[in-house]
Amino acid sequence: MAKNIKHFVRDSWLTASYYTGLSHLYQALAGRKHGVVSYHNVLPVSTLPAFDTYNVDVTAAIFDKQLQFLKKHFRVQPIQELENPLAEGIFLTFDDGMRNNYEILVPILAKHDISALFAICPAMVDGELPYIWRDYLFLLLHQAISQDVWLPLNGYQSLIRVSEASLNSLTRQLKQYVYSHQIADIYGIIWEICKKNQWSVGPISCDELRYEFMTWPQIQELTQKGHQVASHTQTHRVLRFLSQDEKKKELESSKKRLEEKLNHEISLFVYPYGSSAEIDQATVNAVDEAGYRGAFMNIQRPLLTPSALAQPRFAFPPIASSAHLYAIASGYKFSFR
Ligand SMILES: [Zn+2]
């Protein structure tokens, strides 16, 4: 309840600040000059499914409104300017390379004449793994709704019931399990869960726009349209949990594979997940050694060096309120935390 009151006070304050011009004054004096927005999926639905477990989805209509907002209040820069430290304005980035990016999002970007950066995991495009592990866990549990399943959460000691209501919470608990045990071989856990439950490994019926990846021809078409591509590792595991050798492999082989398929240098990297829980100085050093010139996290003020390889990004919630979006894009919201 206290949290609700706190949110209510903050929301009212942000709205008041916007309509009295206070947040605009903040932007003029101390606001963000160079901002990178982080998005994932843009879906062709009127309301988001209840299963947006990791808050990575936005509807096409809200996304369109957010672009209108950004163009009205900020300068949205062409993505070619991203490596120019003097370029002031907002840049757009999209992680994971799901099919909705090509089919839903890119036409909306074209309508607004905006170019963006797409963070791609080549092993996923190559079909070496069917889904990013956390989506995979979600899809496995989703197909097991109303069933009792074996999960590592209790060391496979007893069956756990999966229900519509427990789906999100179980998926998050499994993610937490991976983090608390710092598991490098996350896909190994998935194979283990499949084996214990006698599930076959492979494609699961799902919303293809949300869970399946763009193809190489689609990604090549994006770059021909003026968009850029960054590496997002090969397999979307948590870099911090990997050995030095595994880090190196994820960073170098993804760069090499993208360069092979796109026929130009890949100099940018986007950290999977992107918070301090997943990235330490050794991770940034590995990105440096792999030859990247710029890398993006998902936090406001990364305290890692070199700063070009630990650049901040921010995300919008799936809402269209100008007062809220302005507070986030200007940095005003974070200035009085
Ligand atoms: Zn990602």
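Which residue in E4 is the bridge partner of tyrosine 39? In this predicted model, the partner turns out to be phenylalanine 94. That pairing belongs to a set of six bridges joining E1 to E4, and the two strands run parallel. Strand E1 itself covers residues 34-39, and five of its six residues are buried, so the strand is largely enclosed by the rest of the structure.

Moving along from E4 leads to the metal. The zinc ion has three protein donors, namely Asp96 through OD, His232 through NE2 and His236 through NE2, lying 2.1 Å from the ion. Read along the chain, these donors follow the spacing D-x135-H-x3-H. Aspartate 96 sits in the loop between strand E4 (89-95) and helix H4 (99-112), while histidine 232 sits in the loop between strand E8 (228-231) and helix H11 (244-262), so this pair ties together parts of the protein that are 136 residues apart in sequence. How does the accessibility of these two look? Aspartate 96 has a relative accessible area of 6%, so it counts as buried. Histidine 232 is buried too, at 1% relative accessibility.

Salt bridges come next, and the structure holds 19 of them. One of these links arginine 313 to aspartate 95, with the closest N and O atoms 2.9 Å apart. Here arginine 313 lies in the loop between strand E10 (294-296) and helix H13 (322-330), whereas aspartate 95 belongs to strand E4, so the contact ties together parts that are 218 residues apart in sequence. Both arginine 313 and aspartate 95 are buried.

Helix H11 has a salt bridge of its own. Lysine 255 and glutamate 259 both lie in this helix, four residues apart, which is about one turn. Their side chains form a salt bridge whose closest N and O atoms are 2.9 Å apart. Are the two partners buried or partly exposed? Lysine 255 is buried, with a relative accessible area of 10%, but glutamate 259 is partly exposed at 24%. The cut-off for buried is under 20%, which is why the two end up in separate classes. A similar split shows up for arginine 237 and glutamate 246, whose side chains meet in a salt bridge at 3.7 Å, N to O. Arginine 237 is buried, with a relative accessible area of 15%, and glutamate 246 is partly exposed, with 29%. Elsewhere, Arg99, Glu103, Glu208 and Glu212 are linked in a network of salt bridges.

Helix H10 rounds off the picture. Which residues of this helix, spanning 216-224, are buried? They are Trp216, Gln218, Ile219, Leu222 and Thr223. These residues cover an arc of only 165° around the axis, which means that they sit on the same side of H10. The face turned away from that buried side carries the exposed residues Pro217 and Gln224. What covers the buried residues of H10? The cover includes H4, strand E5 (117-120), helix H5 (122-125), E8 and H11. Just after H10, glycine 226 takes a positive phi of about 100°.

Notes
Residues are numbered from 1 along each chain as its sequence is written. This is a predicted model: local features need pLDDT of at least 70, side-chain atom pairs count only at pLDDT 80 or more; totals for chains, interfaces and linings use all residues. Side-chain values use heavy atoms; hydrogens and water are left out. Donors are N, O and S atoms within 2.8 Å of the metal (3.2 Å for Na, K and Ca); water is not among the atoms, so sites may look incomplete. Buried means under 20% relative accessible area, exposed over 50%, partly exposed in between (1.4 Å probe, protein chains only). Two strands pair if DSSP finds at least two bridges between them. A salt bridge is a side-chain nitrogen of Lys or Arg within 4 Å of a carboxyl oxygen of Asp or Glu. The arc is that of the directions from the helix axis to the C-beta atoms. Contact means heavy atoms within 4.5 Å.
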